[in-house]
Amino acid sequence: MRGRDREVRARSLTAVFCAAVLVACGNPVTTPDPGDSGLGPDPVPPPVDLSRAWTTSPPGAEGFDPELLGSAFANAANAVPNIRALLAVRNGRLVEEAYFGGMHPDSAFDMRSVTKTVTALLVGLASDRGLVDPDDPMMDWLSHPSRRSEHDGIRVRDLLTMTSGIQWSDEEDFGPWARSGRPVGYVLDLPIVAPPGRRFIYNTGGSHLLTVIVENAVDGSALEFAERELLGPLGVDNKRWPVMQDSVIVGGAALALRARDAAKVGQLLLQGGRSGSRQIVSRAWVEAQIGRLVAVSDIGYVLRDAGYGYQTWSDRQGGGEDVSAFVMWGYGGQFVWVVPDRQLVVVAQTHWRGTGDHDGRQADAVADLIVHRVIEAALPIRR
């Protein structure tokens with residue numbers, strides 16, 4: 001995420017912590033106003049069982065304009081030469097998918113900071129079980145010689161919302177941190193540059209602290225917990241999630257998923273944490289995770305009216321004018337883009353290695369493909 005961080009850091013240092021404005025997720029169907037055109041939020045279907053393979057459905061049956069959607073997929077490689085996968089799910093059904101550059105439906109692909117959203121779900125699962133509280137002091141879970149008195153006011157919640165106040169730049173810190181052999185100590189040794197809860201500072205090292213906290217709170221390892229409580233129930237049986245030098249899964253990057261399985265994570269959040277009849281993670285946690293807990297506003301590209309919840313972005317214009325979306329976003333243009341009003345999940349995977357300063361342009365091109373091609377093809381369904 002180094003290229004994106006340059007923009008985030010420059011434009012976001014003055015963003016303030018604000019009251020939560022929760023993004024709609026699984027809202028009940030409302031009765032139209034007599035003057036309503038009937039083209040409001042789509043009806044919400046029953047939650048699909050995500051432990052099973054996706055049911056497929058043709059575009060027209062799920063409210064797409066087949067010609068527009070077909071054009072978006074047919075032109076994807078021209079729009080984004082590095083694209084490796086593009087997939088659309090609507091109403092809980094797989095409508096279209098395409099793979100490029102030797103990829104195929106069973107290819108697990110490193111989606112970089114999309115990992116952060118999965119990490120937040122692990123914290124949510126631990127919270128639901130009474131093992132961790134978001135208001136716990138961070139250092140209650142991190143016994144480390146680098147502890148300083150300045151750390152005492154930082155809560156788990158502040159790590160989740162990127163408001164810990166710890167100085168960080170992915171551009172400057174990610175490489176040295178990854179090579180340091182001290183994934184916790186490196187982060188704790190950094191200066192505190194803002195009071196906790198007051199300033200948005202994107203911090204991949206802080207995301208790793210979250211998986212360390214989960215590791216210290218649950219039985220077994222964080223990876224075993226993830227496989228037992230989240231990935232297994234979602235039917236994710238082909239993934240790679242490497243560990244840091246502390247033998248804890250990387251909290252902020254490097255989780256490799258199939259595009260179909262990345263879509264299941266988005267659909268789980270869209271369904272308020274449910275999979276079929278099973279509540280995997282609580283609705284209250286999901287509402288906070290996809291909510292606008294921190295105002296980030298315009299970060300320069302990709303998201304035009306951005307907010308941040310628990311390790312997950314939101315955009316009040318992300319589904320088109322006045323249509324909200326929540327977004328899992330990884331370096332180089334990895335996206336799981338969810339539009340609740342259209343019951344739509346779109347996944348994009350792109351080759352990201354070596355993109356460097358081109359990261360922003362590539363991410364913008366992928367977002368344009370999703371927002372202005374795929375989402376435009378998702379016609380509102382009349383109620």
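These are my notebook entries on helix packing, the nonpolar cores and one loop residue in this structure.

**Overview.** I began by noting that the model is predicted, and then looked up the overall make-up. I counted 12 helices and 14 strands in the protein, and I found that 58% of its 383 residues count as buried. I also looked at the contacts between residues at least 6 apart in sequence, and of these 70% join residues at least 24 apart.

**Nonpolar cores.** I next asked which residues touch the most other members of the largest nonpolar core. That core has 81 residues, and L122, L230 and V336 are the ones with the most contacts to other members. Helix 4 gives the most to this core, contributing eight residues. I then listed the partners of L122, leaving out residues up to four places away in sequence, and found V214, A222, F225, A226, L230, W241 and I249. I recorded a second, separate core as well, which has 44 residues, with A325, L369, I370 and A377 among them. As background I noted that nonpolar side chains in soluble globular proteins tend to be buried together.

**Helix 4 against helix 9.** I turned to the packing of helix 4 with helix 9 (residues 222-231), where the angle is about 80° and the axes lie 10 Å apart. The two helices are therefore roughly perpendicular. On the side of helix 4 I found V118, L121, L122, L125 and A126 in the contact, and on the side of helix 9 A222, F225, A226, E229 and L230. Sorted by class, this contact holds nine nonpolar residues, no polar residues and one charged residue.

**Helix 4 against helix 10.** I made the same kind of entry for helix 4 (residues 114-128) and helix 10 (residues 259-270), whose axes are 11 Å apart and meet at an angle of about 50°. This pair is therefore oblique, and helix 4 passes helix 10 in a left-handed crossing. The contact is built from T117, V118 and L121 of helix 4 together with V265, L268 and L269 of helix 10. By class I noted five nonpolar residues, one polar residue and no charged residues in the contact of helix 4 with helix 10.

**R198.** Last, I asked where R198 is found, and whether R198 is buried or exposed. I located R198 in the loop between helix 7 (185-188) and helix 8 (204-217). Its relative accessible area is 52%, so R198 counts as exposed, for which the cut-off is over 50%. I also noted that the C-alpha atoms of R198 and D158 are separated by 9.1 Å, although these residues are 40 residues apart along the chain.

How values were computed. Residues are numbered from 1 along each chain as its sequence is written. Side-chain values use heavy atoms; hydrogens and water are left out. Axes are lines fitted to C-alpha atoms, for helices over the stretch in contact, and angles run from 0 to 180 degrees between N-to-C directions. Helices (H or I, at least four residues) and strands (E, at least two) are DSSP runs, numbered from the N terminus. Angles under 35 degrees count as roughly parallel, over 145 as roughly antiparallel, 65 to 115 as roughly perpendicular and the rest as oblique. A crossing is left-handed if the near helix is turned anticlockwise from the far one by less than a right angle, and right-handed if clockwise. Contact means heavy atoms within 4.5 Å. Ala, Val, Leu, Ile, Met, Phe, Trp, Tyr, Cys and Pro count as nonpolar, Asp, Glu, Lys and Arg as charged, and the others, Gly among them, as polar. Buried means under 20% relative accessible area, exposed over 50%, partly exposed in between (1.4 Å probe, protein chains only). A nonpolar core is a set of buried Ala, Val, Leu, Ile, Met, Phe, Trp, Tyr and Cys residues joined through side-chain atoms within 4.5 Å.
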